Amino acid sequence: MVEQLSWKVGGQQGEGIESTGEIFAITLNRLGYYLYGYRHFSSRIKGGHTNNKIRVSTEKVRSIADDLDILVAFDQETIDVNAHELHSKGIVLADAKFNPKLPEGVDVTLYSVPFTEIATELGTSLMKNMVAVGASSAIMNLECEVFRDVVEEIFSRKGEQVVAKNMEAIIKGAEYVRNQDKGNLHRMELAKADGKKRMFMIGNDAIAMGFLAGGCRFMAAYPITPASEIMEYMIKKLPEFGGTVIQTEDEIAAATMSIGANYAGVRTITASAGPGLSLMMESIGLAGITETPLVVVDTQRGGPSTGLPTKQEQSDLMAMIYGTHGEIPKVVMAPSTVQEAFNDAVEALNIAEEYQVPVILLSDLQLSLGKQTVEPLEYDNIDVRRGKLDENPDLSELDKGQYFKRYQVTEDGVSPRILPGTKNGIFHVTGVEHDETGKPSELASNRKNQMDKRLRKLKKLPEVFPVPVQTDARHEEADVLFVGFNSTRGAIEEAKGRLEEEGYKVNHAHIRLIHPFPTEEVKTLVDKAKKVIVVENNATAQLANIIKMNVGSQEKMENILQYDGTPFLPGQIHQRSKELL
Amino acid sequence: MATFKEFRNKVKPNWCPGCGDFSVQASIQRAAANVGLEPEDLAVISGIGCSGRISGYINSYGFHGIHGRVLPIAQGVKMANKNLKVIASGGDGDGFAIGMGHTVHAIRRNLDITYIVMDNQIYGLTKGQTSPRSEKGFKTKSTPEGSIESAVNVMEMALSAGATFVAQSFSSDLKELTSLIEQGINHEGFSLINVFSPCVTYNKVNTYDWFKENLVSLDDIEGYDSSDRKKAMATLMEHNSLVKGLIYQNTEQKSYQDLIHGYADHALKDSELKIDKEKFDHLVNEFM
């Protein structure tokens, strides 16, 4: 009996690897197991090796497992590429069709199962995925019946017979495996889960749901990996709320259309990845100087240029903080879990309106696409705040030639805001430096007043932002403080746990408000640690440099960097931090 | 009801004396009053360049954006508040060089906005470089030996891209221009009005006199029918697009906002932002 195991299915892209993983994972999620998925895929539609690795546990899991228990292979390449991840008691379930062989030096159990043959006998080779699901269930000693609900949901529109056939494929696959080794099957029986209902979703789903729940009713976007799911969800859901999505001609149009719509009063978002964000930078500057609320999601992937478009990286950090020419107030938020992604999406909409600034909601490929079990998102956490916006003001008539002071200099820097269409409220908006009414002005004194006013707006944000740093720091004197952002949280938590078992005192800080930087809070944590290890998926230690800039303490800082396109495994962080301690 | 005077503000334009853009400004103000708008009903979104300053010279809501992006900003405004009349305006560099991609897609999207291009066939504010509207052989600071690129034929381009309203005018003809802007505002869909608006400082070729001599009025073409796309294209080709008047209008095609599935009847800005608990629970359940 095991409390957790790691399962991977691999084959050629476009072969149904995704659906095999989906049926397997959704079913286990419904049984109450916690799952955490990682998809290895390439930037092509058909062909090329792809795999889906899923960690299943009776306890919460928030990272990929270091090793592998079960590998389901639809081709020899899957074995060759992945078998080394299996531990010594691991099992390979491979399609007999390609006469599978284990690579030299890999000593694990191999069961050759006629996935394709069984499926073909049942009517179509397409069902080989179902045979593989059945084979896996036999190893884990799961009843085939547990898959029925999901199979019905997927295939019922194709008729009862298709459902029956697919179930039969699962049963046949399981039967075949049960009879291996004369019935003395090498099993990995999973301990029973709690049976509680939880969500199974990717970060992009949560971000999109957060926007919807936070009042976003329009989105302008251009498709890109790994951001498109946000747009797809909004396309599916916004019509139910009267809203819509425009797929624009490019990311510049997406950003500027969002600016136009936000100016006119609709909560509007756009989402993209590095290449799109590079194109949007001038627009983000426009939102900054015109004090137009704007929320942009950046789902980071491998850069620069097209880089590694389907791989994990966290290398947009500096660009998101400092991108756009000139100086503007801007917020960069980096949720570290799917739940936080939902909450931060709502909050990004609020902050954008309250402070009248562009907000970048930073994610990364693993957070955006890693499918995982999530406690049901909470309705009570949804809050809508629009700051100084007055939607229906009763304004007295302006004198001829006078405009409403949309850019009035105020103590907190935030000016009263009304929407175009308001009677007696005419004002002008321009990306040119302007006076309090929005009329262009190059006066030195006005420039200084307006610049100071804009930059003043976010001064207090780190103090009022809810949980700017996610901390797990019980040691007053720690041997090490781990710092990270976005999806690395789970892997750091696990590495921390292992180090603590070995006697190290470890604190962990995950930065959620990247900019403006929560200096006070981070400094307190840095001061409590003998060493600070910043863990990030980039080559130039961008987060570490931000910390050094704001907090200092260079002498304590060490880096664990990874920029090969893969997310951190807990074991990698554990191993590499021991080398540094 | 507002008169054109109410669309004036006290800002003195920084255009050169004699600039064609003054007439465009006056025509927009007159057209807005003529179609019965109040200043707060109108949003003028403008690009960058001399002409881009126009949003600051009209007493209405105005948004002076970034170079080449006037159309996406204008479309965003219209999407948020369909009760506003939205006029986008800018120069030929803004719309047909840096912003050409947006122009083509705004045309085919057919959102109900009016796009007025002040076309002077040159870059004025940067002090006299070639424009995509400059004719071959046109000498400028950036083409001292004469331009070796073809000028883009925007009227033909607009027809090809599926435009539902295409017009061209000349800033000397205040009456026709005002009328075309009124028609553009009233057209339910995207209207493109290209206005020859001479640059008196840097363009010594395409002058007021040159246009007076070379422009053919569509009113003078017997039997011209602006609902006939084929005829419109043929006429443009015949006259190298040097025509003025309403070139083409398709009143059958629905505007973008009339075609959106599930789109709110009210202005989107008036949407309820909170979603109710039952709907939220349903969204959550879909992931279980």
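**Briefing: helix packing, domains and a sheet shared by chains A and B**

In chain A, residues A:S19, A:T20, A:I23 and A:F24 of α1(A) meet A:N129, A:A132, A:V133 and A:S136 of α4(A). By class, this contact between α1(A) and α4(A) has 4 nonpolar, 4 polar and no charged residues. The model is predicted. Chains A and B touch through 58 residues from chain A and 48 residues from chain B, and a sheet of 9 strands includes β15(A) alongside strands of chain B.

**Helix pair in chain A**

- Helix α1 (residues 17–30) of chain A packs on helix α4 (residues 128–139) of chain A at an angle of about 40 degrees, and their axes are 9 Å apart.
- Because of that angle, α1(A) is oblique to α4(A).
- The crossing of α1(A) past α4(A) is right-handed.

**Domains of chain A**

- The domain assignment divides chain A into domain 1 (4–197), domain 2 (200–371), domain 3 (388–459) and domain 4 (464–580).
- Between the C-alpha centres of domain 1 and domain 4 of chain A the distance is 35 Å.
- Domain 1 of chain A gives 5 residues to its contact with domain 4 of chain A, which gives 9 residues.
- On the domain 1 side of that contact, the residues comprise 2 nonpolar, 1 polar and 2 charged.

**Chain B side of the contact with chain A**

- In chain B, β2 (61–64), α2 (70–80), α4 (100–109) and α10 (277–285) each supply at least two residues to the side that touches chain A.
- The most comes from α2(B), with 8 residues.
- This side of chain B divides into 24 nonpolar, 18 polar and 6 charged residues.

**The sheet across the two chains**

- The sheet is open, its pairing is mixed, and its strand order is β15(A)-β2(B)-β1(B)-β3(B)-β4(B)-β8(B)-β7(B)-β10(B)-β9(B).
- At the edges stand β15 of chain A and β9 (216–217) of chain B; each has a single partner strand, so one side of each is left without a neighbour in the sheet.
- Strand β15 (residues 428–430) of chain A runs parallel to β2(B), and 3 bridges join the two.
- A:V429 has B:F63 in β2(B) as its bridge partner.
- Within chain B, strand β7 (residues 165–170) and strand β10 (residues 243–249) pair in the antiparallel sense over 4 bridges.
- Opposite B:V166 stands B:Y248 in β10(B).
- Helix α2(B) lies across β1 (42–46), β2, β3 (85–91) and β4 (114–119) of chain B, and runs at about 175 degrees to β3(B).

Terms used. Residues numbered from 1 in each chain as written. Chains lettered and ligands numbered in written order. Predicted model: local features only at pLDDT ≥ 70, side-chain atom pairs only at ≥ 80, totals over all residues. Contact = placed C-beta atoms within 7 Å. Nonpolar A, V, L, I, M, F, W, Y, C, P; charged D, E, K, R; others polar. Pairing = 2+ DSSP bridges. Axes fitted to C-alpha atoms, helices over the stretch in contact; angles between N-to-C directions. Parallel < 35°, antiparallel > 145°, perpendicular 65-115°, else oblique. Left-handed = near helix turned anticlockwise from the far one by under 90°. Domains from an automatic or database assignment.
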